[in-house]
Amino acid sequence: MRKVTMTEIAKALGVSRSLVSYALTDKYGVSEEMKRHIITKAVEMGYFKTPHASLKISKRIAVIIGEEYLGEESFFTRIIAGIENSALEKKFIANILSLKDGEDVEQFVSRIIDSKPWGLIVIRQMDKKLAEYFKKLNMPKVFVDLIDANPDCFEVRVNNYGNSYKMTEYLIRSGCDKLAFVGDVDWALSYDERYRGFLAACREYGVAHTDIIGKDGKSRPFDDVAFADYVRKTSGAAVVCASDSIAHDVYEIIKAHDKRIPADFSVVGFDDMPFVKQFDPPLTTMHIPRFELGRVAFGLLREQIGYYDAQSRQVCLNAKLVERQSVKVNSKNQKESVEQ
């Protein structure tokens, strides 16, 4: 069976090939509804699942991810699609191995070895001990968005610091002079990087800020009690959330205190998950190129063919600001920032 092409998918849907290409490569500019429509048709036609028998397979790779991060709405689903798409283009097969919570590490590593992969891609949310275990495996490896900083491996991640600076700068230039950051910096390295980007922009522009990070023993990625207290005592502030999921909880707390978005609080997130367009109002956020993260990860892995001592490096991808209706924009300030 031959590989299904983007042109065939476009013809089946009655849309342009470029629109199909943008949707399948997760480029910004295609509505989420149309993107889902195109991806569904691509899956139906076998675009992502070309039978292995039809390919002259040269290598197999293993893609490791926590079982809890798999799912239709998962941030990581599009990353995996990017890996699979690139792997198939180069006649590789990507075997997805999900790690269950509490699973014995040695048994899981045996599963990896039994699958006889040529290389390994590990997708985020692995604790430091487990990541170190994977590093010792004698095969090419790439980590995607590690939870801890590690200069001795191949890794692809989002430019969290720079993109958070950009988001905070956008708020300041929109007329916000009172800001708050919400997210536990110990929850994930990405949250810490986004917090530092937020701080850098606040210092650069001399803007007052409040930090609602987290506290020991909390089971959620920010201190909701502290934020609720902040909402009771404050109005007219802009809230920078470390993720879209945190923004969802922030919305609920603000509305529970009979305050409005964006009239009383502007709110922004990070990730551009599909569900944020359903927020009331829809959330302004940073769009992360998840499909491209997967493609770059596979590229880094393939570069290591025959070079086990290759110089490790980190590749950072930029996100794109997506403006919706959750930010109160002062038209005078916005005009001045454009003229600058």
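## Helices and cores: worked exercises

Just past helix H7, glycine 175 adopts a positive phi of about 110°. Keep in mind that you're looking at a predicted model.

**Exercise 1.** Work out what the span of helix H7 (residues 160–173) should be at 1.5 Å a residue, and check it against the model.

*Solution.* Start with the count: H7 has 14 residues. The expected span is 1.5 Å times one less than that number, so H7 should cover 20 Å. Now look at the two end C-alpha atoms: they sit 20 Å apart, which agrees.

**Exercise 2.** Find which residues of helix H5 (residues 105–114) are buried, and where they sit around the helix axis.

*Solution.* First, pick out the residues under 20% relative accessible area: in H5 these are Phe108, Val109 and Ile112. Next, look down the axis of H5: its buried residues fall within an arc of 100°, so they line one face of the helix. That fits a general rule: an α-helix has 3.6 residues a turn, so residues three or four places apart point the same way. Then turn to the face of H5 away from the buried side, where you'll meet the exposed residues Glu106, Gln107 and Asp114. Finally, step just beyond H5: lysine 116 has a positive phi of about 50°.

**Exercise 3.** Name the residues that touch the most other members of the largest nonpolar core, then list the contacts of phenylalanine 227.

*Solution.* This core holds 76 residues, and Ile61, Ile123, Leu179, Phe227 and Val267 touch the most other members. Leaving out residues up to four places away in sequence, phenylalanine 227 touches Val182, Ile212, Phe222, Val239, Val250, Ile253 and Ile254. Another core, of 16 residues, lies apart from the largest one, and Ile112 is among its members.

Conventions. Residues are numbered from 1 along each chain as its sequence is written. This is a predicted model: local features need pLDDT of at least 70, side-chain atom pairs count only at pLDDT 80 or more; totals for chains, interfaces and linings use all residues. Side-chain values use heavy atoms; hydrogens and water are left out. Helices (H or I, at least four residues) and strands (E, at least two) are DSSP runs, numbered from the N terminus. Buried means under 20% relative accessible area, exposed over 50%, partly exposed in between (1.4 Å probe, protein chains only). The arc is that of the directions from the helix axis to the C-beta atoms. A nonpolar core is a set of buried Ala, Val, Leu, Ile, Met, Phe, Trp, Tyr and Cys residues joined through side-chain atoms within 4.5 Å. Contact means heavy atoms within 4.5 Å.
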